[in-house]
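Work through the exercises below with the model open beside you. Try each task before reading its solution.

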Amino acid sequence: MTNNDILKKLRVALMLRDDQIVEILELVDFRISKSELGAFFRAEDHPNYMECGDQVLRNFLNGLVIHLRGTKENPKNPTDVLAKHKAEIPKRETSKERPEFKASPKDSEKYRGDKSPSKSGSAAGKPKKKSFPKGNGKPVVVEKVVFKNGNKKKS
């Protein structure tokens, strides 16, 4: 794993935004801009990709310790800090509340699949009831066949 991979995985695992990472690096007096930080998170084949050096990762890890645990004089509970990060993330709306993203065919009559478009408007949405033969309630799939197996009957 490269330093870039470690930095990416820590950002995702701890739910950190770029501005929070910049603040963490400033805790250990390491200045970096958001654009420089964004270059670490790009794909390797991107023209603005930049290798994350050992010094940047070391300072980030040291700043992360201070950010999560606090200092000796002012200790913090790491779970409280992580819960605070989680609370800052805006909640996404579910797809049930956002009907504009539901897929629907342009012409519901045309794409029904069961029959050709119906001409009556009242029966358009009601499927026809299937009729089964009386008896066990299942349709007959195969007819009963008498096999002769090549034997001639004596008459």
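**Exercises on loops, helices and charged pairs**

Met15 is found in the loop between H1 and helix H2 (18-27). Helices here are DSSP runs of H or I with at least four residues, numbered from the N terminus. This is a predicted model, in which local features need pLDDT of at least 70, side-chain atom pairs count only at pLDDT 80 or more, and totals for chains, interfaces and linings use all residues. Residues are numbered from 1 along each chain as its sequence is written, and side-chain values use heavy atoms, with hydrogens and water left out.

**Exercise 1. Describe the phi of Met15 and of Asp29, and state how exposed each residue is.**

Step 1. Recall the background: most residues other than glycine have a negative phi.

Step 2. Look at Met15. Its phi is positive, about 55 degrees, although Met15 is not a glycine.

Step 3. Grade its exposure. Buried means under 20% relative accessible area, exposed means over 50%, and partly exposed lies in between (1.4 Å probe, protein chains only). Met15 has 30% relative accessibility, so it counts as partly exposed.

Step 4. Move on to Asp29. This residue sits in the loop between H2 and helix H3 (34-40). It follows H2, and its phi is positive, near 55 degrees. With a relative accessible area of 63%, Asp29 is exposed.

**Exercise 2. Find the salt bridges and grade the exposure of their partners.**

Step 1. Start from the principle: side chains of opposite charge can pair when their charged atoms come close.

Step 2. Apply the rule. A salt bridge is a side-chain nitrogen of Lys or Arg within 4 Å of a carboxyl oxygen of Asp or Glu. The count comes to two salt bridges.

Step 3. Take Arg11 with Asp18. Their closest N and O atoms are 3.2 Å apart. Arg11 is partly exposed because its relative accessibility is 25%. Asp18 is partly exposed at 26%.

Step 4. Take Arg17 with Asp19. Here the closest N and O atoms are 3.3 Å apart. Arg17 is partly exposed at 41%. Asp19 is partly exposed at 25%.

**Exercise 3. Work out how helix H1 packs against helix H4.**

Step 1. Locate the pair. H1 covers residues 3-13 and H4 covers residues 54-69; they pack at an angle of about 25 degrees, with axes 10 Å apart. Axes are lines fitted to C-alpha atoms, for helices over the stretch in contact, and angles run from 0 to 180 degrees between N-to-C directions.

Step 2. Classify the angle. Angles under 35 degrees count as roughly parallel. H1 and H4 are therefore roughly parallel to each other.

Step 3. List the contact, meaning heavy atoms within 4.5 Å. H1 supplies Asn3, Ile6, Leu7 and Leu10, while H4 supplies Asp54, Leu57, Phe60 and Leu61.

**Exercise 4. Is His67 buried or exposed, and which residues does it touch?**

Step 1. Place the residue: His67 lies in helix H4.

Step 2. Check its area. His67 is buried, because its relative accessible area is 16%.

Step 3. Name its neighbours. Not counting residues up to four places away in sequence, His67 touches Ile24, Leu27, Lys76, Val81 and His85.

**Exercise 5. Which residues of H2 are buried, and what covers them?**

Step 1. Pick out the buried residues of H2: Gln20, Ile21, Val22, Ile24 and Leu25.

Step 2. Find their cover. It includes H1, H3, H4 and helix H5 (78-88).

Key:
Helices (H or I, at least four residues) and strands (E, at least two) are DSSP runs, numbered from the N terminus. Angles under 35 degrees count as roughly parallel, over 145 as roughly antiparallel, 65 to 115 as roughly perpendicular and the rest as oblique.
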